[in-house]
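Reader: I'd like a close look at the salt bridges in this one, please. Take me through where the partners sit and how covered they are, then zoom out to the rest of the chain.

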Amino acid sequence: MRPASAWQRPPRLGAMTLLLALLGGSLAGCGSHTSLHPIVHGTTAKQVETELVKSMASWQSTSAQVTDVVRLKGKPARTLQVALITQASPNRYALTVNQAGKKTVTIRDNGRSTVSYTASSRHYQVLSSLPHTASSLRLMGISLPSLVESSTLMGMRELSATQVELKMRTSLPNGVVARTDFWYNLRKNIPIAFSAKWDGGSFKQTVSKFQVNPDIGNSAFAFHPATGVTPQVVLSQTLADLELAKAAVKFPIVLPPSQANVSLTNVSVGSRGGQPVVMLTYTAPNGSYLLVTELSANTKKKLPSGLSFGLEPVGTLSVNEAPMPLSGQFAGFSVGSTEIWLEGLASSVDNLLTVWGNNVSTTGPGT
């Protein structure tokens with residue numbers, strides 16, 4: 001393996017090595033029956049990535065065993081064993097998560113509704129929408145090709161005659177833009193591992209078993225509760241989380257004005273400097289993610305370090321704004337007794353600030 005300094009932009013790979021690897025795709029026992037197209041001398045990393053994505057597009061169903069190691073700043077590392085089955089038509093999946101050798105979470109989506117069950121609970125939840133937090137656990141399924149295709153390729157290197165590594169910049173399902181690495185077996189046409197690193201955390205998902213287009217029956221996506229476990233039907237997992245967040249903090253949770261046309265996709269409660277904070281993830285009209293962090297305006301607040309702030313009036317708001325890496329923008333302002341920090345793509349942040357500043361709202365669900 002070449003040292004990290006051997007990364008190039010865009011690199012060119014050993015033609016003979018990859019030619020043999022790509023031609024060997026049809027030999028895989030558990031990979032796709034569709035092998036990658038042979039490449040010729042001088043093929044660039046981007047062309048190889050395109051062929052790889054094209055080949056993965058043949059996946060109509062997958063079965064995977066994955067080890068997921070998650071590291072978040074200020075928290076101990078967490079290792080999860082994930083069993084994942086995905087299918088494209090109809091679009092459905094089955095997900096089982098084991099931690100410390102014990103089954104902890106079971107999720108079954110049959111294409112019409114999603115059942116989520118936490119071990120030892122008396123009830124399971126029937127959801128009308130997919131739980132946002134499960135998205136990252138489904139990377140090693142039929143959504144993987146589109147994730148790789150939408151990433152920005154930074155480089156590639158040969159690991160062996162049959163394996164390559166893509167170095168990318170990727171917008172993850174939770175909206176975080178991360179530096180990612182993707183290891184792939186060209187001969188078998190299957191993923192080996194996927195890792196992501198960003199300010200504040202990282203994860204690495206390593207595949208131990210992967211099957212492409214296995215025969216999957218309907219029973220794989222059905223949930224069979226244990227005796228005494230009954231359903232708890234909720235219309236929206238997000239609104240349920242919002243109600244829990246309201247009870248966990250003493251300041252009002254402020255939602256953007258309805259005119260902003262943003263969709264709330266995830267709610268979580270954490271702490272910053274020993275004080276409770278609420279983190280709300282929204283999807284903007286252009287499809288990008290916006291992260292809103294809210295905390296009590298009465299606490300001693302400290303804006304994120306390393307950014308160059310300027311105070312700007314936006315409608316009735318007085319906003320601390322600062323550019324962030326990767327075309328991002330930070331904005332901090334107060335509405336009543338709530339301090340609000342807004343992060344996301346500069347265009348999405350500007351649009352939301354304009355609406356918010358002209359239609360300041362402290363009412364609505366969750367306040």
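Author: Let's start with K46 and E49, which are both in helix α2, residues 45–56, and sit 3 residues apart, about one turn of the helix. Helices here are DSSP runs of H or I with at least four residues, strands are E runs of at least two, and both are numbered from the N terminus. Before we go on: this is a predicted model, where local features need pLDDT of at least 70 and side-chain atom pairs count only at pLDDT 80 or more, while totals for chains, interfaces and linings use all residues. Residues are numbered from 1 along each chain as its sequence is written, and side-chain values use heavy atoms, with hydrogens and water left out.

The side chains of K46 and E49 join in a salt bridge, at 2.8 Å from N to O. That label calls for a side-chain nitrogen of Lys or Arg within 4 Å of a carboxyl oxygen of Asp or Glu. The background is simple: side chains of opposite charge can pair when their charged atoms come close.

Now for cover. K46 counts as partly exposed because its relative accessibility is 42%, while E49, at 2%, counts as buried. The cut-offs are under 20% relative accessible area for buried and over 50% for exposed, with partly exposed in between, using a 1.4 Å probe and protein chains only.

What does E49 touch, once you set aside its neighbours within four places in sequence? The list is V148, L153, M156 and L166, where contact means heavy atoms within 4.5 Å. For V148, the C-alpha atom is 8.5 Å from that of E49, though the two residues are 99 apart along the chain.

Helix α2 also holds E51 and K54, again 3 residues apart, about one turn of the helix. Their salt bridge has its closest N and O atoms 3.7 Å apart. E51 makes the buried class because its relative accessibility is 18%, and K54 is partly exposed at 47%.

The search of the whole structure turns up 3 salt bridges, and one of them is made by the side chains of R157 and E165, at 3.3 Å from N to O. Here R157 is buried, with a relative accessible area of 12%, and E165 is buried too, at 4%.

For contrast, take a lysine in a loop. K75 sits between β1 (61–72) and β2 (78–87) and is exposed, with 58% relative accessible area. The C-alpha atoms of K75 and G201 are 9.5 Å apart, with their positions 126 residues apart along the chain.

Zooming out, the protein chain has 5 helices and 19 strands, and 45% of its 367 residues are buried. If you take contacts with a separation of 6 or more, 51% link residues 24 or more positions apart.

Further along the chain there's an open, antiparallel sheet of 7 strands, in the order β13-β14-β15-β19-β18-β17-β16. Its edges are β13 (263–272) and β16 (310–314), each pairing on one side only; two strands count as paired if DSSP finds at least two bridges between them. From one strand to the next, the twist averages 25 degrees.

Look at strand β15, residues 289–296, where 6 of the 8 residues are buried. Strand β15 pairs antiparallel with β14 (275–283) over 6 bridges, and Y282 has L290 of β15 as its bridge partner. The hairpin of β14 and β15 has 5 residues between the strands, and G287 there takes a positive phi near 95 degrees. β15 also pairs antiparallel with β19 (338–345), over 7 bridges, with T293 partnered by W341 in β19.

At the β16 edge, the antiparallel pairing with β17 (317–324) runs over 5 bridges, and G310 is matched with E321 in β17. Finally, helix α5 (346–358) lies across β15, β16, β17, β18 (328–335) and β19, at about 145 degrees to β19. For such angles, axes are lines fitted to C-alpha atoms, for helices over the stretch in contact, and the scale runs from 0 to 180 degrees between N-to-C directions.
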